[in-house]
Each structure stands twice: as structure tokens, then as C-alpha cells.
Amino acid sequence: MSINLRSSGCSSPISATLEKRLEAVDQTRANNVSFEQTKDKIRKMLDKVELSVSAYDTSWVAMVPSPSSQNAPLFPQCLKWLLKNQHEDGSWGLDNHDHQSLKKDVLSSTLASILALKKWGTGERQINKGLQFIELNSASVTDETIQKPAGFDIIFPGMIEYARDLNLAIPLGSEVVDAMIRKRDLDLKCDSERFSKGREAYLAYVLEGTRNLKDWDLIVKYQRKNGSLFDSPATTAAAFTQFGNDGCLRYLCSLLQKFEAAVPTVYPFDQYARLSLIVTLESLGIDRDFKTEIKSILDETYRYWLRGDEEICLELATCALAFRLLLAHGYDVSYDPLKPFAEESGFSDTLEGYVKNTFSVLELFKAAQSYPHESALKKQCSWTKQYLEMELSNWLKTSVRDKYLKKEVEDALAFPSYASLERSDHRRKLLNGSVVENTRVTKTSYRLHNICSSDILKLAVDDFNFCQSIHREEMERLDRWIVENRLQELKFARQKLAYCYFSGAATLFSPELSDARISWAKGGVLTTVVDDFFDVGGSKEELENLIHLVEKYIDLALSSEPFLCLFPRKSIIVLRLQISGGI
């Protein structure tokens, strides 16, 4: 039932002009093939996760020998992929990887690819071209201002030693190589004197670089049900090559069945990718077009959560993100999986804590803000906030990737979820452009194509502009309403139309909520007028008369439609106290 109180201006149905405008725009959008195609693409992104392939991990899988013959590769298709996918400059790695911040990552991927080709005695031309790239960029190996992939100080020297075993000279200079090996050996020795669970996990994670880690019992505790170690193809390939474990082989075979020739740097990663896409859509205000798909993903995530699935519970960032989203969407989730991280010491005992994964800390911080009444979450919020603030103070400003992450951290600290206006957040996201940057680095760099999408950005911009056009139409209508009711002639009353309108539009921004925005704005304007009238505008007799009129209106309204009451009886008591000087 629509509310139509014309003279009071308290609420009214959408004007015929606005209704026609909405219908016309909806029709235009429905007929716009490009617009609908964009939405279909995003729906496919929600359904199918697309991870960038990893030359680094593909190289280590390519180095796995066949169980039937140590002189032949188990996965020759990976070797063929490396031969066909060398960049013009002689390197291997992500496309568009020429930024300085990724130099160490590209050098690591290139060296791993060279080792794979050398091991099987193929691709001499590609090997020479790759060695030239390493020589030209050798200064980046020791440049401390360039971001290091996780485990670089152990894995890269380990690969150089492996190259020596293959009689392959790496053009880095003996002093540089010897210094790297000494540093690695010193780090390993120092770490061995300071035992921690995080260090133990880290040494297993960088297994392809340690080479001398011979005890399978130290490794097997990190093996997952799918047979992998840390869902890492490179680590799992190194483990199978060294220990011949059947679970590792099963994982590698299933990986190649799915990806055929080139593998990602982490798999499975579907849950995190889909949940991250939901966050992206929500942060840009375009999630309302994908409600069905989002609910389906969250229902599936909730089932995984209840049964303690490894893809969620063993991945810290995924676990924190799932907790935050499920809680926000009304699912009954327990904080138990995150309890070990209520204190920073719990985080330090993990692989993410040992490698200082800022993304994981950021997700923990956001999760802690979801339900701040839990005492453990308060502790988690406190230490993660301090951690992120420390990261900001020590940030390397030479890395573009760090600048985008830095912006995310700054926004999370400055605009907590419980004190943010949605539309302001959407605009800030669009203006700072962070949604288009999605290169992340673990052992190697990777991209989540589902999130880093020009289609998402285009839809968000078009939708934002569309909503703005509706808001402008509503403001023009409200301006006319002010004039028609001569409210601007009330000299004692503050003119607060814009404030009243945008305080509602900041959260009630969808086109279909036009009635709610206009009702909110009119109610705010009238409340301001009444407040000013009681403060300075009216005599005591006039105020008493107004109260009597309101009381009569309430009685009439309650007798027919109880929800039509604009002023509860509490408000009448407040007004009487105001007249008498009680407040």
C-alpha cells in the first residue's frame, strides 16, 4: 500500500515523470546488448574461476621424471608449453611483467624454466635467450628495494646450485652467487636455533629450494587430502621427485587433467577467488544484479564451513574472508576456526605469519570488525590494526603492487566497515582505481582474472552514473516540493534538503528505492522545520496548538493504519518537555 499524504509532504508515490523515466531507463538497459553481455560475463566469472598460469610452477612440474624412466619427463606437455611461451625478451612469467617490482619474480620463473629445459636436453635456443635475460637483469637479484617472492632467498640459490649440477653456468658473477649461498646457509642455521611452527612450515613450503630436507615425516604433516603440499604445484612436484609419494603423484595428475599443459601457482583456489569477486561486486555497489549467483556461492561456502573443508579452514585469508561474508549475509557461523589468531602469536606460528603475508592480516582485521562484541575478536582487531599500522610505516614505496595494497590497508584503517557509507565507499573505490590492479605475489606472481576485469569496472561506472542520474531527478523533484509548500519562506528554519537527502541516499542508493529516499528526505526536512519552530520560531500557544493537531492526527491514523504514525507518543512527551523548558 502506498502512502499518500500530499499536504503534509510526509511521503508520496514516485511521480509520474520519474516512473516514466525509470521505466524508460530500465527498458534502455534491457535492450542494451552490451550491458547484458557484460553482466553475463560476470556471471560466468562467478561460476568459473580463472587463475593466471605460472611458468615457475609449470617448470617444476615439467622437471618431474617418469616413474618408469628417470630419463624422461612425466609431463612432457609442460615442457612443450615452456618452449612455446617464452617472452620476446627471453624471460618467462606473467604477461605485462615489465614493472621493476616484479623483476625478482621474473628472474625466478626464468631460471626455473631454463632448468626444466636443460634437464631434459631440449630448447637450446630458448635457454641461451633466457640466460641473456638473466645477465641483463642481474643487478635486480641483489637489489633490496625490489619485492622478493616468498622463499626467494632460499629457492633462488638452490636453483643456482641445481644449475651447477646440470653443468649450466648462470651469468650472475661468482661473488654474487657465493654471497647468496652464504646468506641462505646463515639464515637456515640461525633459523634452526629458533624453532617455531611457522619456520617448520616455511621450510616445507620452499622444499624445491632446500634440497637437503630428507625427512618425509617433517613434510607429510602438511600434506592435504588432495595429495598436495600447501596446494602448491611446485612444492608438490619437488616432494614427489624427492620422495615418490603416491598422494603427490595423484595431485599432479589431477592438476594436469584439468589444466592440460600449464598449471597455476596455487590450486585449488576457487573459494577464495569467488568470495573475493563477491567482495569486489559489493564494494562497487553492483552486487544487486547477481543476488542469485552470490547466494548460491555463499550456500556452498557455508556447507564447506560446517564440515571444516580444507580449502577454507587451512587457508587463513580464505577462512577470514568466508567468516566475514557469511556473517554479513546472515549465516550462523562460529568464530572457532579463527580463535587461534586472536593473539599475534597464533598468527606467527603459521606459514602466512612467517612470511609476513599482509593480505592475510588485512583479512583478519576486516573479519574482526564484523562482530566486535566477541572478546577474542577485539583482541584480534587490536593486534592486526597495530600490525597494519606498522606495515604502513615501513612500506616500500618503489613497488606499484605495494602502493595498491598500501591503499587497501589505509582505507581499511581509516574507514572501518561499521562506520562507512556504502556509496562513498563505492565512489572512492572507483576513483582510486585499485579494483583494476590484482597482481599478487607468493612464490611467484599471479592474477585472479575474475577480479581484475575491465568488464566489472565498466559495469560499476555505468551503474554509478545511472544511479546518479536518478538521484539528480529526485533532488530536482524535492526542490520543487520545497517551493510548492513554501518551506523556503520559513526564515527560522534551516535549509537542510541536501543533507537530509544524501544521508539516506548514501546507503539507499538503488534506483528501486526511490520512494524510500524521497520519504527519508521529506521526513528529515519536516523534522528540521518542527525542531526549529519549537526552538525559535513559535510562541508557546502556537506550539501547544501544533501538539494538539499532531495528537488528533495520531489518533486518526492509528484507528485506520497504525504504521502511518509519523510521531510516536514519545515524541509528543519530548515536545511538551521542550515547551516547558524541561530539555
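# Reading cavities, salt bridges and backbone angles

User: Which classes of residue make up the lining of the second largest cavity?

Analyst: Five nonpolar residues, two polar residues and one charged residue make up that lining. Note before going on that this is a predicted model.

User: How is a cavity found at all, and how many of 30 Å³ or more does the search of the whole structure find?

Analyst: The general idea is to roll a probe the size of a water molecule over the atoms, which shows where empty space is left. In this structure, the search finds two cavities of 30 Å³ or more. The largest cavity holds about 50 Å³ of space, and the second largest has a volume of about 40 Å³.

User: Which residues line the largest cavity?

Analyst: Its lining consists of V53, S54, A55, Y56, G93, L94, D105, S109, T444 and S445. Helix 3 (55-62) and helix 5 (103-119) are the elements that give two or more residues to this lining. By class, the lining has four nonpolar, five polar and one charged residues.

User: And which residues line the second largest cavity?

Analyst: Here the lining is formed by Y56, S108, P149, A150, G151, F152, I155 and K443. Look for Y56 in the list for the largest cavity; Y56 is also in the list for the second largest.

User: Next, salt bridges. What is the idea, and how many does the structure hold?

Analyst: Side chains of opposite charge can pair when their charged atoms come close. The structure holds 31 salt bridges. One of them is between the side chains of D455 and K41, at 3.9 Å from N to O. D455 is in helix 24 (residues 454-484) and K41 is in helix 2 (residues 33-47), so the two partners, 414 residues apart, link distant parts of the chain.

User: Is K41 buried, exposed or partly exposed?

Analyst: K41 counts as partly exposed, because its relative accessibility is 44%.

User: What does the salt bridge between R164 and D178 tie together?

Analyst: The closest N and O atoms of R164 and D178 are 3.7 Å apart. R164 belongs to helix 7 (residues 152-165) and D178 to helix 8 (residues 174-192), so the pair ties together parts that are 14 residues apart in sequence. Both partners count as partly exposed: R164 has 45% relative accessibility, and D178 has 33%.

User: Where do D270 and R274 lie?

Analyst: Both are in helix 14 (residues 270-283), four residues apart, which is about one turn of the helix. Their salt bridge has its closest N and O atoms 4.0 Å apart. With 21% relative accessibility, D270 counts as partly exposed, whereas R274, at 12%, is buried. The cut-off that separates the two is 20%: buried means under that value.

User: Which residues do salt bridges with shared partners join into one network?

Analyst: That network is made of E144, K148, D153, K183 and D187.

User: Now the backbone. Which peptide bond is cis, and which residues have a positive phi although they are not glycine?

Analyst: As a rule, most residues other than glycine have a negative phi, and most peptide bonds are trans. In this structure, a cis peptide bond joins Y267 and P268, with omega at about 0°. P268 sits in the loop between helix 13 (246-259) and helix 14.

For positive phi, take N167, with a value of about 60°. N167 is in the loop between helix 7 and helix 8, and is exposed, with a relative accessible area of 72%. R486 has a positive phi of about 55°. The place of R486 is the loop between helix 24 and helix 25 (497-505); R486 is exposed too, at 52%.

User: Where is the pLDDT below 50?

Analyst: Start with the chain as a whole: the average pLDDT is 85, and 85% of the residues score at least 70. Over residues 1-14 the pLDDT is below 50, and this stretch has 32 contacts in the model beyond near neighbours in sequence. Residues 563-567 also stay under 50, and the model has 11 contacts for them beyond four places in sequence.

Note on methods
Residues are numbered from 1 along each chain as its sequence is written. This is a predicted model: local features need pLDDT of at least 70, side-chain atom pairs count only at pLDDT 80 or more; totals for chains, interfaces and linings use all residues. Side-chain values use heavy atoms; hydrogens and water are left out. On a 1 Å grid over the protein atoms alone, a cavity is a set of points where a 1.4 Å probe fits but cannot get out, and a pocket is an open set with protein on both sides within 12 Å along at least five of seven lines; lining residues have an atom within 4 Å of a point. Grid points are joined across faces, edges and corners, and a volume is the space filled by probe spheres set on the points. Ala, Val, Leu, Ile, Met, Phe, Trp, Tyr, Cys and Pro count as nonpolar, Asp, Glu, Lys and Arg as charged, and the others, Gly among them, as polar. Buried means under 20% relative accessible area, exposed over 50%, partly exposed in between (1.4 Å probe, protein chains only). pLDDT is the predictor's confidence in each residue, from 0 to 100. Contact means heavy atoms within 4.5 Å.
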